[in-house]
Amino acid sequence: MNIEKKSTEIIEQILHQPAEPVANIESKLSKVQFVELCSYILQYYGGRTGHEFLLKFHRSFIKLTVSELREMINEMTYKKEFGVHTLLGFYVQYTYVRDDELLHSLGVTDKSFSTAPKPDALTDNILLNRTLKKLALSDEEIDTIRCMKPIFEVVV
Amino acid sequence: MMTPSGISGELLTGFELFRRQLRVADMYRGNPQRQAYSTACTMRENRLWVDNQPADFDGDYVILINGELRFGRGHYFLSEMAEFVLSAGGVTVIDGKIVYLDNESGHYRPDIEDLKDASAFFIQNQLAADDLMVCEVVF
């Protein structure tokens, strides 16, 4: 897969046809390919665009283990800090994830979720709500995203 | 890639409200940000306009050192990789008025005081709605 080309295609669709379903694209991506895409988009685009990608592709994103998230970050050789910043911003603005163990597991030592607003404080945020609506996410999908939890693998 | 454009600083006032310039984080300097667009806005009658309609969009904004106000996606793209800007963050514009403002910029990292300066600036220029929502984004 040509990551740059695929990323451009996906981002163009999200920006110009945000309500368009992505299931057809998502179903053809292996987990490895999805991790590569995440890594590329979060560091090369980042910010709000990165968040919209994760929202739209939430079905694949919520299945990533912490180990796979670490792999995704390790693949960020262009703008790693920017990619990580985007990822953490996504958690804070769109999910209830506030577990500092996740930060530590991802190698983030200079931040804490304790400084982030409580998740329910974001439900009145105009921009976030318009983003969710624009992306045509259902109430059920929004709840799924909000309630996602990091998947820490258990070492037996 | 298109060159971003914006509203001339000559049409705006209150630049002294910004107590400092924002510098791009060292680790990002010189590394282009991929982006798709800037939003071509004009300003008249104290409103923002796009394609001769009162503007309605969500996105990013920067205010360059020369006072130019730009909207679109990607602060470092919008600033054309400027080392310094006066302001950066996120906005929601409805019916030509800014109804929401935040300080989210991974490249320029405005703090809460910068956000307050930006809020005062947009209010002074009568671009802010009466019920402007101002939101500090931690990260």
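Two strands are taken to pair if DSSP finds at least two bridges between them, and it is on this criterion that the small sheet described below rests. The model is predicted, and the account that follows concerns chain B.

By this criterion, 3 strands of chain B form an open sheet in the order β4-β5-β6, and the pairing within the sheet is antiparallel. Because β4 (42-44) and β6 (53-54) of chain B each have a single partner strand, they stand at the edges, and one side of each is left without a neighbour in the sheet. Strand β5 of chain B, which covers residues 47-50, pairs with β6(B) in the antiparallel sense over 2 bridges, and Val50(B) stands opposite Gln53(B), a residue of β6(B).

As for the chain that holds this sheet, chain B contains 2 helices and 12 strands, and its elements, read from the N terminus on, follow the order β-β-β-β-β-β-β-β-α-β-β-β-α-β.

The overall dimensions and packing of chain B are collected here.

| Property of chain B | Value |
|---|---|
| Radius of gyration | 14 Å |
| Span of the C-alpha trace along its principal axes | about 40 × 35 × 25 Å |
| Buried residues | 48% of the 139 residues |
| Contacts with a separation of 6 or more that join residues 24 or more positions apart | 65% |

The radius of gyration of chain B agrees with that of a compact globule, because a globule with 139 residues would have a value near 14 Å and chain B has 14 Å.

Key:
Residues numbered from 1 in each chain as written. Chains lettered and ligands numbered in written order. Predicted model: local features only at pLDDT ≥ 70, side-chain atom pairs only at ≥ 80, totals over all residues. Helix = DSSP H or I, 4+ residues; strand = E, 2+ residues; numbered from the N terminus. Rg over C-alpha atoms; globule rule 2.2 N^0.38 Å. Buried ≥ 20, exposed ≤ 12 C-beta atoms within 10 Å, placed from the backbone. Contact = placed C-beta atoms within 7 Å.
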